[in-house]
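Student: I am new to this structure and would be grateful for a close look at a single part of it, the surroundings of the ligand. Please guide me through that part in one connected account.

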Amino acid sequence: MTLLDRTIVRLLPAVPKPVVQRLSSRYIAGSTLEDALRVVRRLNGEGKPATIAVLGEEITRESEARSIAQAYRDVIVALERDGLDSNVSVKPTALGLDLSYALCRENLESVLREAAKSHNFVRIDMEDSSTTSDTLRLYRELREGGFDNVGVVLQAYLRRSLDDVRWLADLEPNVRLCKGIYIEPPSIAFTDADAVRANYVRCLDALVDAGAYVGIATHDEWLIGEALARVQRLEPSRYEFQMLLGVRERRASELVAAGHRLRVYVPFGEHWYQYSLRRLQENPAMAGTIARATVGRVLGRS
Ligand SMILES: Cc1cc2nc3c(=O)[nH]c(=O)nc-3n(C[C@H](O)[C@H](O)[C@H](O)COP(=O)(O)OP(=O)(O)OC[C@H]3O[C@@H](n4cnc5c(N)ncnc54)[C@H](O)[C@@H]3O)c2cc1C
């Protein structure tokens, strides 16, 4: 993105919510569980497993965290009932991490127990750097406590991630590797795109060496190429590609046709706004779209 594009994209929070909702509809299955199940059914028909996320983060009340945990248990029951191929992805803050570590762990355990009944799996998403240590600690404690149907996420933009791979190595962890989406200071994060890519490749190699199962979560063609060169010598049971709903769907289908497992992240729910902002901010075509949508509105055409 050019500097001008980046500046326009930073104005996104000032764009009226209905415009944001319209622009981001491709990234979100809908507001109800039925919407998510419909999208997962379609993806499964294309040979793509999914991971469902209930939108909701940084909740402020214990009751909200408990109801999100319940919503996840409902998702897991519905997936089993409908015979769909999808696991779930949870955000620790949605399960109450900002309120208390113990509450988050209790909620997460309830979701893991429900998932275990149908041999399903729970991925703990990674949020901003204020949550990284607690999230990794949660993962370690759950694994050491006997849960093996759980995975975590590492972000290549964080300088600490290579050390985190080493710290997790004894668990033969299940890790989704992504670039990272939150805004972090240069003291702890690489900010240059090439440095993030280089660290992604370093972390990927370290995860493979550690015997991890790797979810290669990226739409970046250069990184997909680097990953393809590496997975050639891996058993198919050691990795999968992962992409977001509404992003590079044709490329996803090509990877499936070439015999790779590719999982699609399918978010749904009422709390669509924060997730939508993050997706729009990284869409390279968004600056022009926002400019047109906003100017169109000002001129009364939208
Ligand atoms: C399955 C999955 C789970 C994730 N989970 C987490 C998580 O737990 N924590 C976290 O911090 N981050 C997560 N992310 C987000 C990730 O960190 C990146 O922000 C995001 O994937 C964009 O990085 P990229 O590697 O695709 O490269 P980019 O360079 O951003 O994108 C490469 C290309 O993909 C296309 N593209 C990318 N995004 C969009 C978009 N929104 N709209 C249209 N085109 C687009 C464009 O063509 C772009 O040039 C996840 C990503 C995926 C795929």
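Tutor: Let us begin with the polar contacts of the ligand, bearing in mind that the model is a predicted one. An N or O atom in the side chain of Arg-176 lies 3.0 Å from a nitrogen atom of the ligand. A nitrogen atom of the ligand is also found 2.8 Å from a backbone N or O atom of Met-126. At Gly-180 the partner on the ligand is an oxygen atom, and a backbone N or O atom of this residue stands 2.6 Å from it. In these pairs, then, Arg-176 takes part through its side chain, whereas Met-126 and Gly-180 take part through the backbone.

How much of the ligand does the protein bury? The ligand taken alone exposes 940 Å², and 85% of that area is buried by the protein. The space that the ligand takes is the largest pocket.

Which elements give two or more residues to the shell around the ligand? They are the strands β4 (150-155), β5 (174-178) and β7 (239-244). The largest share, three residues, is given by β7. In total, 26 residues surround the ligand. The closest are Tyr-27, Gly-180, Thr-218, His-219 and Glu-282. Gly-180 therefore appears in two ways: it is among the closest residues, and its backbone supplies one of the polar contacts described above, because a pair of N or O atoms within 3.5 Å counts as such a contact. Sorted by class, the shell holds twelve nonpolar residues, eight charged residues and six polar ones.

With the ligand site described, some other places in the model may be considered, starting with strands. Arg-263 belongs to strand β8, which covers residues 262-268. Is this residue buried or exposed? Its relative accessible area is 11%, so Arg-263 counts as buried, the limit being under 20%. The side chain of Arg-263 forms a polar contact of 2.7 Å with the side chain of Glu-240.

Thr-132 is another buried residue, with a relative accessibility of 2%. Thr-132 lies in helix α6, residues 132-144. Its C-alpha atom is 9.5 Å from that of Val-153, although 21 residues separate the two along the chain.

Thr-32 offers a case of intermediate exposure. This residue is placed in the loop between α2 (17-23) and α3 (33-45). Because its relative accessible area is 36%, between the limits of 20% and 50%, Thr-32 counts as partly exposed. Thr-32 and Val-54 are 22 residues apart in sequence, and their C-alpha atoms are 9.4 Å apart in space.

Lastly, two loop residues have a positive phi without being glycine. The phi of His-119 is near 55°, and His-119 is part of the loop between α5 (101-117) and β3 (122-124). With a relative accessible area of 76%, His-119 is exposed. For Glu-172 the phi is about 45°, and this residue sits in the loop between α7 (161-168) and β5. Glu-172 is likewise exposed, at 55% relative accessibility. The strand β5 that follows this loop has been named already, as one of the elements giving two or more residues to the shell around the ligand.

Notes: Residues numbered from 1 in each chain as written. Predicted model: local features only at pLDDT ≥ 70, side-chain atom pairs only at ≥ 80, totals over all residues. Heavy atoms only, no water. Near = heavy atom within 4 Å. Polar contact = N/O pair within 3.5 Å; in protein donor to acceptor, adjacent residues only side chain to side chain. Areas by Shrake-Rupley, 256 points an atom, 1.4 Å probe, with all protein chains shown as cover. 1 Å grid on protein atoms, 1.4 Å probe; cavity = no way out; pocket = protein on both sides within 12 Å on 5 of 7 lines; lining within 4 Å. Sits in = over half its atoms within 2 Å of the grid points. Helix = DSSP H or I, 4+ residues; strand = E, 2+ residues; numbered from the N terminus. Nonpolar A, V, L, I, M, F, W, Y, C, P; charged D, E, K, R; others polar. Buried < 20%, exposed > 50% of the residue type's maximum accessible area, 1.4 Å probe, protein only.
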